[in-house]
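User: I would like to work through this model by question and answer, one small topic at a time. Please explain each term when it first comes up.

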Amino acid sequence: RARMIDPAEFVKNTFLELPAAPPAPSPRAQSAPPRLVPDPEATEAHPQTTTFIVKGLGRFATLEVVMQDLAAQGLADRFDYVYVPMTVQKGRPFARGLAVVNFTDPEAAQLWTPVGMQGQPRPLRPGRVQGAC
């Protein structure tokens, strides 16, 4: 003997209720790099660190500019390695706005105050690899 099925019950049991999907991120959020939060306490948190990265120096902060800044702050003989990556745009070299500096002692790193594009101090970040390369 065949059983009659109520059409409302049939439709109700046919569809699955899924949890709501999270909103899709915007295309800009997918393409943008993660935001870096500067850590002004980096040198205090790592007292034995000698290699530091400083970002936000500007496109015109060349190797010579960074070394002059170190010398002007009395640190001319307290570092042994400086790296300023460069790029070429329209045939002209520009800095990428960051520098890697290895100091000979941890105290020298705490004395250096790098200055950014508008004259504001930039925080030092400890490098993943320590020592001159």
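User: Is F94 buried or exposed, and what is its relative accessible area?

Analyst: This is a predicted model, in which local features need pLDDT of at least 70 and side-chain atom pairs count only at pLDDT 80 or more, while totals for chains, interfaces and linings use all residues. Residues are numbered from 1 along each chain as its sequence is written, and side-chain values use heavy atoms, with hydrogens and water left out. Buried means under 20% relative accessible area, exposed over 50%, and partly exposed in between (1.4 Å probe, protein chains only). F94 therefore counts as buried, since its relative accessible area is 7%.

User: With which residue does F94 form an aromatic pair?

Analyst: Two aromatic pairs turn up in a search of the whole structure (rings of Phe, Tyr and Trp, the last by its six-membered ring, with centres within 6.5 Å; planes under 30 degrees apart are stacked, over 60 edge-to-face, the rest tilted). One of them is edge-to-face, at 5.7 Å centre to centre and 70 degrees between the planes. The partner lies in the loop between strand 1 and helix 4 while F94 lies in strand 4, so the pair ties together parts 34 residues apart in sequence. This partner counts as exposed at 61% relative accessibility, and the residue is F60.

User: Which residue of strand 3 stands opposite F94?

Analyst: Strand 3 (residues 86-89) and strand 4 (residues 92-95) pair in the antiparallel sense over four bridges, where pairing requires that DSSP finds at least two bridges. Strands here are DSSP runs of E, at least two residues long, and helices are runs of H or I with at least four, numbered from the N terminus. Across from F94 in strand 4 stands T87.

User: What is the phi of K90?

Analyst: K90 lies in the loop between strand 3 and strand 4, whose hairpin has two residues between the strands. With 88% relative accessibility, K90 counts as exposed. Most residues other than glycine have a negative phi. K90 takes a positive value instead, and its phi is near 55 degrees.

User: In what order do the elements of the protein run from the N terminus?

Analyst: The secondary structure comes to five helices and six strands. Read from the N terminus on, the order is α-α-α-β-α-β-β-β-β-α-β.

User: Which strands stand at the edges of the four-stranded open sheet?

Analyst: The four strands are arranged in the order 2-5-1-6 with antiparallel pairing. Neighbouring strands are turned by 25 degrees against each other on average, direction ignored (axes are lines fitted to C-alpha atoms, for helices over the stretch in contact; angles run from 0 to 180 degrees between N-to-C directions). An edge strand has a single partner strand, so one of its sides is left without a neighbour in the sheet, and this holds for strand 2 (79-83) and strand 6 (124-126).

User: How many residues of strand 5 are buried?

Analyst: Strand 5 (residues 98-103) pairs with strand 1 (residues 51-55) over five antiparallel bridges, and four bridges join strand 5 to strand 2. Among the facing residues, F52 stands opposite V101, I53 has V100 as its bridge partner, and F79 has F103. Strand 5 is largely enclosed by the rest of the structure, because the buried residues number five of six.

User: At about what angle does helix 4 run to strand 2?

Analyst: Helix 4 covers residues 63-72 and lies across both strand 2 and strand 5. Its angle to strand 2 is about 150 degrees.

User: With which side chain does the side chain of T51 make a polar contact?

Analyst: T51 is found in strand 1 and is buried, with a relative accessible area of 4%. Leaving out residues up to four places away in sequence, T51 touches several residues (contact means heavy atoms within 4.5 Å), including V101, R125 and Q130. A polar contact is a pair of N or O atoms within 3.5 Å; within protein, one must be able to donate a hydrogen and the other to accept it, and residues adjacent in sequence count only if both atoms are side-chain atoms. At 2.4 Å, the partner side chain is that of N102.

User: How far apart in space are Q48 and Q130?

Analyst: Q48 has its place in the loop between helix 3 (42-45) and strand 1, and is exposed, with a relative accessible area of 65%. Q48 and Q130 are 82 residues apart in sequence, and their distance in space, C-alpha to C-alpha, is 9.8 Å.
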